[in-house]
Every structure is written in C-alpha cells, then in structure tokens.
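Me: I have a model open and would like to go through the reasoning behind its labels. Could you take my questions one by one?

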Amino acid sequence: TLYNASLPLFAKGPYDTRGGDYPFVPNVDGALLPDVPSTLVTAGAFSLKPSLVGTNHDEGTTFAPLGLQNESDFEAFLGANTNPLAGAALLTAAPQVLALYPDGSALYGPAPANDGFPHGAEFTRAAAVAGDVGFLARARAWATKAAELGADVYGYWLTATETIVDPTLGGGCSLFIQAP
C-alpha cells in the first residue's frame, strides 16, 4: 500500500529517477528543519537522543543509471549526476572516485547484477558510488558527530534480501529509526 501510494511522486515509475532528481529529500521549512541536514550535523545542531543509524546493502542500485557500459559512461555518470543524495561534489571529486572505485564488476554487488551484466557493465560500480556517497558516508558522518557529542549511537547494515525487488538490484529495505 505504501509503495503504491509513493508511485505518483515519481515521473514515470519507481526506478525512473536513476541518476536524477529524487522526490524524497529534506524539506528545509525554517521551523522543523531550519537548514540542510549536512549543515546541521556539522554544527552539531540536532537532537542527541539514543539513535540507530545505518543503511542497506546495495542501497545505491536504485539510484545508479542503467546501461553504463564502459569507463567513459561511468565518468559521464559522475559528471552529470544531479541526484541530491550524491551531490555535485562527485564532479570535482571524479579523479579520487575513479581511484577509489576501480573498474571491475566483480568488486561490487549485487552478485546477480554481475551475471551477464543485465544493467550494463558499469552498473554495479555506479551503484557502489551512489550508495556510499548518498547513504553510507552520510550515515557515518552523522553517527560520528552524534557520538562525539555524547549521544548513544547504534549502527546497522541491512543485508536481508527483499523478495519483491528485482534480485539484480540487490536486497534490503529502507529502515531509519531514532530511539525515543
């Protein structure tokens, strides 16, 4: 029911936002959310309640474009990425990203996506970048800052296989809980 209710938020369907704009981003309203989360985290301006923070294995597969076949396609993905979860910083960091994420699909998951490259030879590489930049790095930054400020922080990495999603896109379902 929740999945079906979310479909109108996407232009054409649940996976058409790959490498582009994503409708579920923080809404800075000046009251509940006075600034963008990255600024608030850097300033330590957030609730220091006990929290559970983490991400899903293969989280980036939802945001990686399909059909990337070679190094040039991968570099174009880095340069053209407008996904607010990844940010324009990917363009200026392209040399470092290329060094940290070398070519070679066997290095990245999900394993079924590497079987015959159904989404393109560079899909799993792009998915690794999208997941790490858009989710893992942000979760770690927040958890590190919260712990430095004295909050109890617990981490998770969800690796459960989601049966309603194409297995070539990996597994897991979104979960982010803050303790009361």
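Reply: Happy to; what follows is a set of questions and answers on how the labels for this predicted model are reached.

Me: Let us start with the overall layout. How many helices and strands does the protein chain have, and what pattern do they follow along the sequence?

Reply: The protein chain has seven helices and three strands. Read along the sequence, their pattern is α-α-β-α-α-α-α-α-β-β. Of the 180 residues in the protein chain, 37% are buried.

Me: Now the aromatic rings. What makes Phe46 and Trp142 a tilted pair?

Reply: Two values decide it. A search of the whole structure finds two aromatic pairs, and in this one the ring centres are 5.5 Å apart with the planes at 45°. Rings pair if their centres lie within 6.5 Å, so 5.5 Å qualifies. Planes under 30 degrees apart would be stacked and over 60 edge-to-face, so 45° leaves the label tilted.

Me: Why can one say that this pair ties together parts that are 96 residues apart in sequence?

Reply: Because Phe46 lies in the loop between α2 (37-43) and β1, while Trp142 lies in helix α7.

Me: How do you know whether Phe46 and Trp142 are buried or exposed?

Reply: The cut-off for buried is under 20% relative accessible area. Phe46 has 18% and Trp142 has 15%, so both residues count as buried.

Me: And the pair formed by Phe74 and Phe77: why is it called tilted?

Reply: The centres of Phe74 and Phe77 are 6.0 Å apart, and their planes make an angle of 45°. The distance is within 6.5 Å and the angle is neither under 30 nor over 60 degrees, so this is a tilted pair. Both residues lie in helix α3 (residues 71-80), three residues apart, about one turn of the helix.

Me: Are Phe74 and Phe77 buried or exposed?

Reply: Phe74 is at 0% relative accessibility and Phe77 at 5%. Each value is under 20%, so both residues are buried.

Me: What makes you say that the charged end of Arg125 sits over the ring of Phe74?

Reply: The charged end of Arg125 is 4.0 Å from the centre of the Phe74 ring. The distance limit is within 6 Å, so 4.0 Å meets it. The label also asks for a position within 35 degrees of the ring normal; Arg125 carries the label.

Me: How do you know that the side chains of Glu122 and Arg125 make a polar contact?

Reply: Their side chains come to 2.9 Å, and the limit for such a contact is within 3.5 Å between N or O atoms, so the distance fits. Glu122 lies in the loop between α6 (111-114) and α7, and Arg125 is in helix α7.

Me: Are these two partners buried or exposed?

Reply: Glu122 is at 2% relative accessibility, and Arg125 is at 2% as well. Under 20% means buried, so that word applies to both residues.

Me: For contrast, why is Ser72 called exposed, and Pro102 partly exposed?

Reply: Ser72, in helix α3, has 51% relative accessibility, and the cut-off for exposed is over 50%, so it passes. Pro102, in the loop between α5 (94-100) and α6, has 36%, which lies between 20% and 50%, so it is partly exposed. The C-alpha atoms of Ser72 and Glu122 are separated by 9.8 Å, with their positions 50 residues apart along the chain. Those of Pro102 and Arg125, 23 residues apart along the chain, are separated by 8.1 Å.

Me: On to the second largest pocket. Which residues are closest to its centre, and what gives the most to its lining?

Reply: The second largest pocket holds about 240 Å³ of space. Of the 17 residues that line it, Asn56, His57, Asp58, Glu59 and Asp132 are the closest to its centre. Helix α7 (123-148) gives the most to the lining, with six residues. By class, the lining has six nonpolar, eight polar and three charged residues.

Me: What makes Asp58 worth a second look in its backbone, and is Asp58 buried or exposed?

Reply: Asp58 has a positive phi of about 65° although it is not a glycine. Asp58 is in the loop between β1 and α3. Its relative accessible area is 15%, under the 20% cut-off, so Asp58 is buried.

Methods. Residues are numbered from 1 along each chain as its sequence is written. This is a predicted model: local features need pLDDT of at least 70, side-chain atom pairs count only at pLDDT 80 or more; totals for chains, interfaces and linings use all residues. Side-chain values use heavy atoms; hydrogens and water are left out. On a 1 Å grid over the protein atoms alone, a cavity is a set of points where a 1.4 Å probe fits but cannot get out, and a pocket is an open set with protein on both sides within 12 Å along at least five of seven lines; lining residues have an atom within 4 Å of a point. Grid points are joined across faces, edges and corners, and a volume is the space filled by probe spheres set on the points. Helices (H or I, at least four residues) and strands (E, at least two) are DSSP runs, numbered from the N terminus. Ala, Val, Leu, Ile, Met, Phe, Trp, Tyr, Cys and Pro count as nonpolar, Asp, Glu, Lys and Arg as charged, and the others, Gly among them, as polar. Buried means under 20% relative accessible area, exposed over 50%, partly exposed in between (1.4 Å probe, protein chains only). A polar contact is a pair of N or O atoms within 3.5 Å; within protein, one must be able to donate a hydrogen and the other to accept it, and residues adjacent in sequence count only if both atoms are side-chain atoms.
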